[in-house]
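I sat down with this one to jot a few things I wanted to look up. Here is the structure, and my entries come after it.

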Amino acid sequence: MRNYILRRLLLLIFVLFGVTLITFILMHVVPGDPALIILDKLSSNTELLLKLRHKLGLDKPLIVQYWEFLKNLVRFNLGDSITLHASVRELIFERFPLTLKLALFSLTIALLIGIPSGVISAVKQYSTIDTFFTIFALFGVSIPVFWLELLLQILFALKLGFFNVSGYMSVKDLFLPSLALGLIYSASITRFTRSSILEVLHMDYVRTARAKGLSEKTVITRHVFRNALIPVVTLVGMQFGGLLTGAAITETVFDLPGLGKLLLDAQLNRDYPLIQGGIIFVAIIFGLSNLSVDILYAFLDPRIRYD
Amino acid sequence: MSFNAKELVSLLLVIGLLTGICGFIPVRADQEAIIQLTVGSTKAYVNFKEVTLDQPPIIENGRTLVPFRFIGEALGAFVDWNPLDNTVSYVLEDKNIVLKIGSTTAIVNGKEYKLDVPPKILPSGRTVVPVRFIGEAIGAKVEWNSKTKMVTITYTKEAVQFGGWLRDRVAADPGTFDPHVDTSLLLFSACKNIYSNLVTTAAKDYTLMPDVAKSWTWSNDNKTVTFKLRDDVFFTDGTKLTANDVKFTFERVFDPNGPAITSGVADYLLPAKIVGAKDKVDGKAKEVSGIKVIDDYTISFTLEEPYGPFIQILAIPCFGILSEKQVKKYGEDYGTHPLGSGPFYIKEWKRGSYIKFAANTRYFKGRPPLDGFIWYVVEDDNTAVLKFENNELDVLAPPNSMYKDLTKKYAANVIKASTLSYYRITFNMTKPGPLQDKRVRLAIGYAIDRQAINDKILQGQGILAKGIFPPGLPGYNPNLPGFEYNLEKAKQLMKEAGYENGFTLKMVMRAGRMEDEHLAFQEALRKININVELVKVDRATYWQMLSSGKTDIAYRNWWADFADPENFMTPLFHTGNNSMGACKPEYDALMDKAARMVDLKQRIPIYQDLEKKIIYEDFWEFPLWHMTQTVILSPYVRNYYLHPSGITNYYYVYLKH
């Protein structure tokens, strides 16, 4: 197991290198120039523009820029953001805790809704409640998240006055965004859990368990549930990675200074160091989250070994 | 001496009251405004001080009509005239009064009232309104002395109240509070409230006012200006502001390794040619020899040649006076550890979320009435509207799509003001093709129905432009002929130019910004067979395409940094500043010459002449409109002035409890 983890971590380094290369190429293929953004209405002043480009090091050949970036990277120096006037590392670590909290809360809500409704749907297949959960999941998958968020804002903040519309002053302000994301993410968890349990229910060992005379409850909790969880864990692992990086819309609607919004703005402003640093951070998070999922498999199903 | 508990408490309270640490104390003894006017006489009195009117009160149908603007300004109201729908308005404390010229219907806080005599514009250009109605609408006492024909208006002003926090919105976080880092309106607004400048502008317009400098004098050759500084200005850490800090601030602007040199901040001052500034920029000198500290509270600036707008430029918020000690202490991190001597200081900053500006109780002009104000970073307009409706914000700039509904719903609390802005269609003159033909450019102008776009899309917030300079700017020329919408003429011009069958033009636009206007232009030009291909891109690509001339036409705007026609000329039309290529050496020479003249009155004819040539002879650009600004306030917000620069000075604001 230890060797396996080490091997995976080593692999991650190569993945990161690839990520930096692809990001760098993509970043510079897309038109746009951070110097123009900074100067905004003064951007027609050519002399000023050249001076600023020189200061930002944008006048150097791309290959030199990339080499310097890599040199700094191995020293764990991600450089300074061009538009936010702070170090990239500082910005990322300033924003990450909020995003982590949001992801954990959302996923908790998603699991609390998704797993039970998935199990019930499967066990009571084709019943009214199954139909209800199916329709619920359909909505969850197809509703745009910003629209659901707007509805929640109008209902819980404007009409009922329970929460603020947006902003982040205390943990309470995370409730509405977590609920919105939780509802959306629970939909696919419900569907995954349902189909996975249905699949397991038709396995021979389930029939054996029933034949042994075990109660239906014991069959479901002891034999079906644990085996059915593996695909669900895969999904949740991916969702978690996505939530840590891709909640930009939710963060915008609720004015949460999180990682997703930081990276989206970085992209819109062509803040090259921040884009690079952000993407590397995201790649590490994804890599680690995938690794954790793989390790979790071994615990869920002792037959899975990595040696 | 010993005190018992009761005595101690009362003693503390008295001390508290005397030193002003207990909040909510009404101040200002002069709470009454008494205005006296005599029918037919230009002599009037405001609080028994004599003033001269350019329009005396008149009597019509037995009703006394008084000059609208004069009364409003004497009362301290926010007075506005909207030439588009011919209305005049007051915002005074919690009253909002709108009168329409020639109409007997008035609107007070959103409700309609009938007048006996309609307001009218007299040949003097002044609007007069029935005094009785105005008095009643604002709740003032109006007395009439039939013997002396004198009208006395007595208005008891609300006392300015101390305390409370105002909640405002910004769409992004400035990221820094170092005034040299960029020239965005956002950073300007923050700096305006944190720092003091040598000179500043008035609350509602660009009138120059003393700030840290209590006075200034020019030498006879108009090259050296000497500022006398106040000796009671402190930074919020308690250190005194002296002439050395001023010198340090301006030398930092020209520091070749400093932030100002690449942000555009230095570019405001470089044309002024301060002696030695160039050497400092080129790294040849450590100091700027033209900036001399004479003593702790006297400093002089020497220019190579006279430069007209110099003092005005010093009032731009990016020239707030920095503390030498603080900047040296924090170096590159100064932007997150700002120190100023202005009415507020940064108390708390959660990047990307909110900024708390607290009152500087030792501010040299007296502490601000507010305990402070908060800027919430709210990117999305819809969220901002919801927040305002949920009472999480006190100030809302209504987005165009909801403008009508919101201004109607909160009619009593809407304030509007003009700006020094200029919106126009620019033509790319660097590329060969149909746009090289002036007739084609003119045809495009005639084909665009500006009034319709202003009514339907901008909700009437624009003032149709006749030229470059907006009304309110010195040099504004009301006598320009202007442009009309004339489709027939446009078609005729296209035919004459040989493009009857049209062609295709590329027009770049930013996603999510002013999209409706772009669509309207596209629609309008289709009628003269010009196919406008809209290229919708993000901000970064937009600026790149504009600056590299990769668009044929563009819808652009310019907001002034200071109230001088120079600020509309050199940045837009001087060689080296216009990426669309429209410039002429002889115009450059005229601009340079005008900037060297000190007397604005002499410079104005040069600028007006240039304006006429650029717009009416060369037709390099098609002027569209000058924008007005609107905000909706919570009902208890007072003195929130909209400045034409778009920068809010929170020093005057107070909350009615």
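These are my notes on a chain contact, a strand residue and a helix.

**Entry one: where the chains meet.** I kept in mind that this is a predicted model. I started by counting residues across the interface, and found 40 residues of chain B in contact with 38 residues of chain A. Next I asked which elements of chain B each supply at least two residues of that side. They are helix H6 (260-263), strand S24 (372-377), helix H11 (381-389) and helix H17 (539-547). H17(B) gives the most, with six residues. I also sorted the side of chain B that touches chain A by residue class, and got ten nonpolar, 19 polar and eleven charged.

**Entry two: B:Asn531.** I found this residue in strand S30 (residues 530-537) of chain B. Is B:Asn531 buried or exposed? B:Asn531 counts as exposed because it has 12 other C-beta atoms within 10 Å, and the cut-off for exposed is 12 or fewer. Leaving out residues up to four places away in sequence, I see B:Asn531 touching B:Gly502, B:Thr504 and B:Arg526. I also checked B:Asp405, which is 126 residues from B:Asn531 in sequence and 34 Å away in space, C-alpha to C-alpha.

**Entry three: helix H18 of chain B.** This helix spans residues 566-573 and is mostly covered, with seven of its eight residues buried. I listed the buried ones as B:Glu566, B:Asn567, B:Phe568, B:Met569, B:Pro571, B:Leu572 and B:Phe573. What do they pack against? I noted two strands of chain B, S27 (421-427) and S31 (553-559), along with helices H19 (585-595) and H20 (600-618) of that chain.

Key: Residues numbered from 1 in each chain as written. Chains lettered and ligands numbered in written order. Predicted model: local features only at pLDDT ≥ 70, side-chain atom pairs only at ≥ 80, totals over all residues. Contact = placed C-beta atoms within 7 Å. Helix = DSSP H or I, 4+ residues; strand = E, 2+ residues; numbered from the N terminus. Nonpolar A, V, L, I, M, F, W, Y, C, P; charged D, E, K, R; others polar. Buried ≥ 20, exposed ≤ 12 C-beta atoms within 10 Å, placed from the backbone.
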